[in-house]
Every structure is written in structure tokens, then in C-alpha cells.
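Q: I should like to learn how to read the features of a structure, one at a time. Where should we begin?

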Amino acid sequence: EQIKEKKVTLVAITPQSEDNNKELELSHKLNFDVLTDQNHILAKQLGISFQLPNYVVDTYEKLGISLSDYNKNDHNELPIPAVYIIDTDHTITYQFVDSNYMHRVNIQDLIDQL
């Protein structure tokens, strides 16, 4: 609600297929769009795409997670979690990028930047 009050648009972008993103939106009742970055084109442009080592892919598979099924490709790439605020003139005015996926943006700090 605080984001809506700022009159901004929130969008999530994932490497997952459009079908998987739609399922995500419905199952979690999201009130924002989840878009697909097919083949990591945007993530590569932003410098946040990385190749998973084979042992990690094997571990994912053992856990029942098939990135090739989710992403509809065999690249075994993931994006580093990142948050950007982009102004109406397409300028990035704020970014939070951390290769440690356990570190996430502080929501209040983000809202304060809007």
C-alpha cells in the first residue's frame, strides 16, 4: 500500500517462463506484474546474470527443482537479486544488488527512495 501511495509501478522480472510467472501471480495473489526475462537478456545487460556450477544444478535436481523446466531453456543461469528504481526518464535513481541472496533490500529504505 505504501508503494501505491507513491504512485509508482512495481514490476518483478524473473527468468521463469511466462506460464510459471502467471502461476506465481495467481498462487500468491500478487497485485503487480511478474515479467519474463527470457534467456537473461536484461540480467546480462545489467551485469547480474551468473552461471550455476554443475554441482549446484545437480543439488537443485535432487531437490526436485529443474531450472530448465522453470525457465524453458538449458542455460542454468540465475540473476543476482536486485532492486532498481527507474525514473520516468529511464534513469536508474536507486539500486540494491547483493550477490548474497540472503541479504535483501530494506523495504522502508526502498520506500523512502520513491
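**The surface patch**

A: This is a predicted model, and we may begin at its surface. V11, I13, L35, L42, L46, I86 and I92 form a nonpolar patch there, with about 550 Å² of accessible area together. Two elements, β1 (11–14) and α3 (41–46), each give two or more residues to the nonpolar patch.

Q: Where does I92 lie, and what is its relative accessible area?

A: I92 lies in strand β6 (residues 92–97). Its relative accessible area is 41%, and because a residue is called partly exposed between 20% and 50%, I92 is partly exposed.

Q: With which residues is I85 in contact, beyond its neighbours within four places in sequence?

A: Those contacts are T91, I92, T93, Y94, L110, Q113 and L114. I85 is in strand β5 (residues 82–86) and is buried, with a relative accessible area of 12%. The C-alpha atoms of I85 and L110 are 8.5 Å apart, although 25 residues separate the two along the chain.

**Backbone angles**

Q: How should I read the sign of phi?

A: In general, most residues other than glycine have a negative phi. Here K29, which is not a glycine, has a positive phi of about 50°. H40 also has a positive value, near 60°.

Q: Are K29 and H40 buried or exposed?

A: K29 is exposed, with a relative accessible area of 75%, and sits in the loop between α2 (18–27) and β2 (33–36). H40, in the loop between β2 and α3, is buried at 2% relative accessibility.

**Salt bridges**

Q: How many salt bridges does a search of the whole structure find?

A: The general idea is a side-chain nitrogen of Lys or Arg within 4 Å of a carboxyl oxygen of Asp or Glu. The search finds three salt bridges. One of them joins the side chains of K4 and E1 at 3.9 Å, N to O; K4 is partly exposed, at 47% relative accessible area, and E1 is exposed, at 68%.

Q: Which helix holds both E25 and K22?

A: Both lie in helix α2, three residues apart, about one turn of the helix. Their side chains meet in a salt bridge of 3.8 Å, N to O. E25 is buried, with a relative accessible area of 13%, whereas K22 is partly exposed, at 48%.

Q: What does the salt bridge between E77 and K44 tie together?

A: The closest N and O atoms of E77 and K44 are 3.6 Å apart. E77 belongs to strand β4 (residues 77–79) and K44 to helix α3, so the pair ties together parts that are 33 residues apart in sequence. E77 is buried, with a relative accessible area of 10%, while K44 is partly exposed, at 46%.

Notes. Residues are numbered from 1 along each chain as its sequence is written. This is a predicted model: local features need pLDDT of at least 70, side-chain atom pairs count only at pLDDT 80 or more; totals for chains, interfaces and linings use all residues. Side-chain values use heavy atoms; hydrogens and water are left out. Patches are made of residues with over 30% relative accessible area and no salt bridge: like charges are joined within 9 Å, nonpolar side chains (Val, Leu, Ile, Met, Phe, Trp, Tyr) within 5 Å. Accessible areas come from the Shrake-Rupley method with a 1.4 Å probe; for residues, only the protein chains shown count as cover. Helices (H or I, at least four residues) and strands (E, at least two) are DSSP runs, numbered from the N terminus. Buried means under 20% relative accessible area, exposed over 50%, partly exposed in between (1.4 Å probe, protein chains only). Contact means heavy atoms within 4.5 Å.
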